[in-house]
Amino acid sequence: MQANLQTIHPSLLLHKLGLHVLTYDEFDRDTLKIGKPENGGYIGDKRTVLDELVKSVQDGDFRNTYNDFYTQWQNYLKERALVLEAKTGARFISGLSYGAAMHIGFSLHHTYGVPYIPGSTVKGACKAIAKQEALEMEQAEQDAELALIQRIYGDENTNGKAVFLDVFPQPLSKKISLMLDLDVITPHHTKANADEAGYETAPDIEEPVPVEFAVVPEGMTYCFGFICPNEADREIVTKHWQTACDEGFGAKTSSGYGSFIPQEQKEEKQEEISPKTILKDFKMRVESNKSGLNNMLSGFVDQIYSESTPEEIKKEMAALLVKRLSPKKLKQKVKKGNKTAIRLDQILRS
């Protein structure tokens with residue numbers, strides 16, 4: 001296989017090719033060849049994969065795709081969730097999955113290739129903080145607090161009232177900025193740590209073994225989203241989240257990685273957007289996504305139905321959408337009982 005590493009999906013590059021590096025100690029020329037002109041179309045070490053990983057996250061196609069997703073994600077959060085932001089206060093290691101493949105693992109989003117934090121990780125950290133605080137209370141207060149924790153965070157039998165969404169990094173405004181960087185640790189006693197015979201007392205006779213790994217740089221902004229049933233629960237989750245940020249997320253927090261600095265939540269002034277501007281933006285998005293319109297139809301129809309969309313342009317937006325989709329396809333979808341198509345048809349008929 002000949003390929004430009006920088007154009008390979010970051011997650012695939014790390015998880016699949018990284019595994020190949022470890023398995024063979026170098027790329028097997030007969031089973032896997034990856035393009036690198038200065039080396040005859042062949043690369044052969046883990047460092048090369050990591051170097052190219054850092055570059056691949058910066059690739060224009062991935063950046064543009066992720067920017068589009070992040071914009072839609074923010075619109076979703078504004079209407080439904082408590083949104084909190086925090087910057088990495090130290091270098092951050094996004095989990096330890098695939099650790100076997102690259103010695104020190106790293107989790108990248110399987111679709112967008114960015115270093116993210118699963119919602120379950122945030123929930124676990126906040127719940128651990130909550131329990132720790134509860135156990136430090138007097139017995140009378142402790143029982144009530146543990147019941148509150150069970151209601152918000154759930155237990156092995158229930159999910160709890162609060163929903164913790166996956167956490168995504170803010171897109172970078174400049175291509176020269178790094179979303180990923182490389183770090184290194186140098187274990188001095190790998191044989192002793194592996195209980196190898198003759199090295200039980202960890203004598204200083206081993207060769208240090210530098211291990212490079214991917215990290216998120218300090219200063220990267222992440223967007224956290226929580227769906228809570230009421231204001232009181234929001235305040236409780238926010239308090240636990242602030243403490244969890246200080247404790248750190250991800251891997252190697254005991255070694256100084258993973259701390260986050262909560263950012264002040266500024267009240268956003270809702271700018272008045274004219275119906276004409278909304279319609280123009282909608283038309284541009286429909287035209288630019290015409291090849292994948294069938295897959296994105298539901299999102300476009302949701303925007304038309306949104307309360308923030310002025311009533312006077314909803315029918316015109318629907319007409320633009322149908323024109324690009326084609327009236328014939330709409331009728332076919334309605335006949336088949338497609339709910340999205342039926343909603344779209346209802347707007348046209350209103």
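This passage describes the confidence of a predicted model, the surroundings of arginine 151 and the packing of helix 9 against helix 11.

In this predicted model, local features need a pLDDT of at least 70 and side-chain atom pairs count only at pLDDT 80 or more, whereas totals for chains, interfaces and linings use all residues. Residues are numbered from 1 along each chain as its sequence is written, and side-chain values use heavy atoms, with hydrogens and water left out.

The chain has an average pLDDT (the predictor's confidence in each residue, from 0 to 100) of 76, and 70% of the residues score at least 70. Over residues 97-104 the pLDDT is below 50, although this stretch has 25 contacts (heavy atoms within 4.5 Å) beyond near neighbours in sequence.

Arginine 151 belongs to helix 6, residues 139-153, where helices are DSSP runs of H or I with at least four residues, numbered from the N terminus. Leaving aside neighbours within four places in sequence, arginine 151 is in contact with Gly160, Lys161 and Asp233; the C-alpha atoms of arginine 151 and lysine 161 are separated by 6.2 Å, with the two residues 10 apart along the chain.

The axes of helix 9 (residues 275-288) and helix 11 (residues 311-325) come within 10 Å and cross at roughly 15°, the axes being lines fitted to C-alpha atoms over the stretch in contact and the angles running from 0 to 180 degrees between N-to-C directions. Helix 9 is therefore roughly parallel (an angle under 35 degrees) to helix 11. Residues that meet across this pair include Phe282 and Val286 in helix 9 and Met317 and Leu320 in helix 11.

Terms used:
Helix = DSSP H or I, 4+ residues; strand = E, 2+ residues; numbered from the N terminus. Parallel < 35°, antiparallel > 145°, perpendicular 65-115°, else oblique.
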